[in-house]
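Thanks for making time. I have one structure to go through today, and I will start with a single residue and work outwards.

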Amino acid sequence: MEMPTPCSECKEVVELNDLRESNFTKQMLCYDCYSTDSELYDLVEEAKDIQRDLEGYADHMKGNRGLWRAKLNLLRKQINELGEDADDLLL
Ligand SMILES: [Zn+2]
């Protein structure tokens, strides 16, 4: 059954079957918004992993902590560029 439904993010009306649930919220997103949402989710997960390892003084970072910190800052910058606040998402 056809059921036109607006995307929660951009309000574009698409078929209900084409909407997918956000990785962060229960919002239903169109294809484009979901792509951005997924990209953001991957960045946040990667940043969280690095942050956790830095805080835990993970062995594999020994001698390279500066590089990992730079990588983390880069990820945070990418998150902010996607329009989200890295400080909120990484807590
Ligand atoms: Zn959308």
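Gln 51 sits in helix H1. This is a predicted model, and every value I quote is computed from it. Is Gln 51 buried or exposed? Its relative accessible area is 19%, and the cut-off for buried is under 20%, so Gln 51 counts as buried. If we set aside neighbours within four places in sequence, Gln 51 is in contact with Leu 72, Arg 76 and Leu 90. There is also a distance to note here: Gln 51 and Arg 69 are 18 residues apart along the chain, and their C-alpha atoms are separated by 8.1 Å.

One of those contacts, Arg 76, deserves its own look. Arg 76 belongs to helix H2. With a relative accessible area of 18%, Arg 76 is buried too. Which residues does Arg 76 contact, leaving aside its neighbours within four places in sequence? They are Gln 51, Ala 86, Asp 87 and Leu 90. Leu 90 therefore appears in both lists, since Gln 51 is in contact with Leu 90 and Arg 76 is as well, where contact means heavy atoms within 4.5 Å.

Next, Ile 50, which is also found in helix H1. Ile 50 is buried, at a relative accessible area of 4%. Again without the neighbours within four places in sequence, its contacts are Met 61, Trp 68, Lys 71, Leu 72 and Leu 75. In the other direction along the chain, Cys 10 is 40 residues from Ile 50 in sequence, and the two are 31 Å apart in space, C-alpha to C-alpha.

Leu 72 is on the contact list of Ile 50 and on that of Gln 51. From the side of Leu 72, not counting residues up to four places away in sequence, the residues touched are Ala 47, Ile 50, Gln 51 and Leu 54.

That leads to the cores. How many residues make up the largest nonpolar core? There are twelve: Leu 40, Leu 43, Val 44, Ala 47, Ile 50, Leu 54, Met 61, Leu 72, Leu 75, Ile 79, Ala 86 and Leu 90. Helix H1, residues 31–55, and helix H2, residues 65–81, each supply at least two residues of this core. H1 gives the most, with six residues. Apart from that, there is a second, separate core of seven residues, and among them are Leu 29, Cys 30, Cys 33 and Tyr 34.

Two loop residues are worth checking for backbone geometry. Lys 11 has a phi near 70°, a positive value in a residue other than glycine. Lys 11 is found in the loop between strand E1, residues 4–6, and strand E2, residues 13–15. Lys 11 is exposed, with a relative accessible area of 55%. The other one is Tyr 57, with a phi near 50°, again positive and again in a residue other than glycine. Where is Tyr 57 found? In the loop between H1 and H2. Tyr 57 is exposed, its relative accessible area being 60%.

Now the whole chain. The protein has three helices and four strands, and along the sequence they follow the pattern β-β-β-β-α-α-α. The radius of gyration is 17 Å, well over the 12 Å that the globule rule gives for 91 residues, so the protein is more spread out than a compact globule. Along the principal axes, the C-alpha atoms fill a box of roughly 60 × 20 × 15 Å.

Some totals to finish. Of the 91 residues, 30% count as buried. Taking contacts between residues at least 6 apart in sequence, 27% join residues at least 24 apart. The protein exposes about 6,500 Å², and carbon and sulfur atoms supply 49% of that. On charge, there are 11 positive and 21 negative, and the mean positions of the two sets are 10 Å apart.

Definitions and conventions:
Residues are numbered from 1 along each chain as its sequence is written. This is a predicted model: local features need pLDDT of at least 70, side-chain atom pairs count only at pLDDT 80 or more; totals for chains, interfaces and linings use all residues. Side-chain values use heavy atoms; hydrogens and water are left out. The radius of gyration is taken over C-alpha atoms; the globule rule is 2.2 Å times the number of residues to the power 0.38. Buried means under 20% relative accessible area, exposed over 50%, partly exposed in between (1.4 Å probe, protein chains only). Accessible areas come from the Shrake-Rupley method with a 1.4 Å probe; for residues, only the protein chains shown count as cover. Lys and Arg count as positive and Asp and Glu as negative; His and the chain ends are not counted. The place of a charge is taken as NZ of Lys, CZ of Arg, CG of Asp or CD of Glu. A nonpolar core is a set of buried Ala, Val, Leu, Ile, Met, Phe, Trp, Tyr and Cys residues joined through side-chain atoms within 4.5 Å.
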